[in-house]
Amino acid sequence: MKKLFTFFLLLSITQVFAQNRPPLERIISIKISNERLDNALKSIANAGNFSFSYNPDEFSVEKRVSVSAQNQAVREILSDIFGNTATFKNRNNYIILKKASEEPQKDFFVMGYVSDGETGLKIEKASIYEPVTLASAISNQYGYYRLKIPKELNNVNLLVRKQNYQDERILIRSKQDKTLNIKLLAIPKLPKVDTIARLISFKIDSLPNKKLDSLPVIQPVITKIEPVEAKDSIIIEIPRIDYQEYWNTAKEQLQITQRRLTDWFITTKQNIHLDNVRDTLYRPAQISFLPFIGTNHYLSGNVINNVSINIIGGYSLGVRSLEIGGLFNVVRGKVYGIQASGFANLVGQDVKGVQMAGFGSVNGRNFYGVQASGFGNLNGGSTGGIQMAGFGNASLKNFSGIQAAGFGNFVLEDTHASIQAAGFGNTTIGNTNGLQVAGFGNFTGKNLKGIQIAGVANWVDGKMSGLQISLFNYAKKAQSGHQIGLFNFAKENENSVPIGLLSFAGKGGYRRLELGADEVNWFNMTFKTGVKRFYNILTAGYNFGLANKPDFSLGYGLGTSWKLNRTFWLNFDVVSSHIQQNGNYWNLRQHSKASLGLEIHATRHIALFVSPTINFLASKDEGIDLGKLNNWKISEKQGNYFGQKAMLTSWVGIQGGIRLF
């Protein structure tokens, strides 16, 4: 009972699956001997669990037929019975038979099944095409194909391609409808070889036999793991950002996005052909309406055209001279010449020539020439030439030439002899060799040899050899040249001179904290920062409320120094300070002095200094009391100074103190 139940269950499942297959593709086994045609069709219909629909007047139903089929598709059995005298079509659970037209046709059909030559299993998604007209077909899920070919061809060769199968070429001699079943042989798979095992085996076998016994025994290394004591304090070490690794990951994602975008433009049938067909086809010209509607048909992705005209959009393997697209152009391979589109160009490999787009262009590899887009340009490889975009340009390898963008430019690796100009900013992750100009800022991830000019900030994360001009300038190592801006910073300075309101350099820089006194203030604190050839001076003075002395002074200046030997240095400073006296409002009391002093190093971080000075004081109030140094005055005279009527007093003075560095 149990076996009987299992039999009926399997029979039911088989019938369900049979119903899911179109009647023409149902597999049956049948044997008919010398039966009338109408009776034979009834037997076939019963075996396949479907019905026939046909006009008996179109066929000789009294005709005797014999059929012997074992596990064959209904379509194959009908082809053996009718040959080319009838056509078959599925409709629901019916097969519609019609008599084939006897009128001369411009085209003929080749049809049949593609199967594995060893197993006999049907092969789906195989490509069958004619290389002259590019007529093509793909075998369906049951292995069936139907290919339409013009009769005007002199020689008809069919090429059959399928992944993991050997290529097949078939010559068609008669230009009539033909049933052609194709068998493909699988490509033999190479056996997997354990490379490491082979390598070890080779090394051992190649040693002299007498030395094998003398090889030292490899002892395992045992590492003792000591427990780590918990500490009260936790030190958090912030890792350095690896720009190259970050952008390499971003580049991979961009390339994946590009491939997905390419696939979005083409049909499933074209994708199947791309997987199967490895041949490169050439055409002098193509015209297409859409990527799958044109003179190259569904094989457009395998064709290199000299000229390509696309009404809305086109798809091809390559372009050698000219491509124009009303909306877009998509090319799997390379483009040489001119490519222009109303919206976008998408190229998988290199471009050499001129590329123009209303919105943007994306190229998978290198670009050499002129690239212009309304929004942006993106090249996955190196770029050489001119890039212009309304928003931005990006090159994911090296760049040489000119980049101009309304917003920004980006280069993942290095720029060589280049100019980058952007309304907002320029970024080069590698080295910059050339000019960067931006409304906001410029960034170089490694070394700069050239010029950076920005409205707000310049940044070099490596060596700077050249010129930085901005409000804020930074270089990890200022090797040579100048930094010109309000604020200049360098982690290390070798031979560069920063010029600005405030400059700071780490290693190789000049820094002094000075505590001293002069004839104006009993106590002065001064900080000098920059490099020894040019540094900034910030100073403040105080007199602790002493009579006939200013309350305080604030000043700024510039200076330079010379190292005479290990002990003695010379300094020349120019400082201008405002002097506040007797709690008065900020009236004009401007004190300017120049000094040439001697610095004597007492220890590694302490020095003494003494400097004669020449001083000028423009004061709207009374003059200054120099005490015992009143006799050192040079002159006092009234005049207009700093736009006001004031007294100008000049004298010779002296200052001294201690310096810490």
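A surface patch here is made of residues with over 30% relative accessible area and no salt bridge, with like charges joined within 9 Å. Keep that in mind while looking at this predicted model.

**The positive patch**

Four residues make up a positive patch on the surface: Lys334, Lys352, Arg365 and Lys397. Take Arg365 as the one to zoom in on. Look for Arg365 in the loop that runs between β23 (360-363) and β24 (367-373). Is Arg365 buried, partly exposed or exposed? Its relative accessibility comes out at 44%, so Arg365 counts as partly exposed. A patch residue needs over 30%, and the 44% of Arg365 fits with that.

**Strands pairing side by side**

Further along the chain, have a look at β32, β34 and β35. Strand β32 covers residues 432-438 and pairs with strand β34, residues 448-454, in the parallel sense, with seven bridges between them. One handy place to check this pairing is Thr432, whose bridge partner in β34 is Leu448.

β34 also pairs with strand β35 (residues 457-469), again in the parallel sense, this time over six bridges. For a residue to click on, try Ile451: its bridge partner in β35 is Leu467. So β34 has pairings with both β32 and β35, because two strands count as paired once DSSP finds at least two bridges between them.

**Two loop residues with positive phi**

Next come Asn92 and Lys125. Each has a positive phi despite being a residue other than glycine: near 55° for Asn92 and near 60° for Lys125. Both can be found in loops, Asn92 between β4 (86-91) and β5 (94-99), and Lys125 between β6 (107-116) and β7 (127-129).

| Residue | Phi | Relative accessible area | Class |
|---|---|---|---|
| Asn92 | near 55° | 73% | exposed |
| Lys125 | near 60° | 40% | partly exposed |

Why do the two get separate labels? The exposed class starts over 50%. Asn92 is exposed because its relative accessible area is 73%, while Lys125, with 40%, is partly exposed.

**Asp107 and Pro150**

Strand β6 is also where Asp107 sits. With a relative accessible area of 25%, Asp107 is partly exposed; the buried class would need under 20%. Which distance separates the C-alpha atoms of Asp107 and Pro150? The answer is 4.3 Å, although the two residues are 43 residues apart along the chain.

Technical notes: Residues numbered from 1 in each chain as written. Predicted model: local features only at pLDDT ≥ 70, side-chain atom pairs only at ≥ 80, totals over all residues. Heavy atoms only, no water. Helix = DSSP H or I, 4+ residues; strand = E, 2+ residues; numbered from the N terminus. Patch = residues over 30% accessible without salt bridge, like charges linked within 9 Å, V, L, I, M, F, W, Y side chains within 5 Å. Areas by Shrake-Rupley, 256 points an atom, 1.4 Å probe, with all protein chains shown as cover. Salt bridge = Lys/Arg side-chain N within 4 Å of Asp/Glu carboxyl O. Lys, Arg positive; Asp, Glu negative; His and termini not counted. Charge placed at Lys NZ, Arg CZ, Asp CG, Glu CD. Buried < 20%, exposed > 50% of the residue type's maximum accessible area, 1.4 Å probe, protein only.
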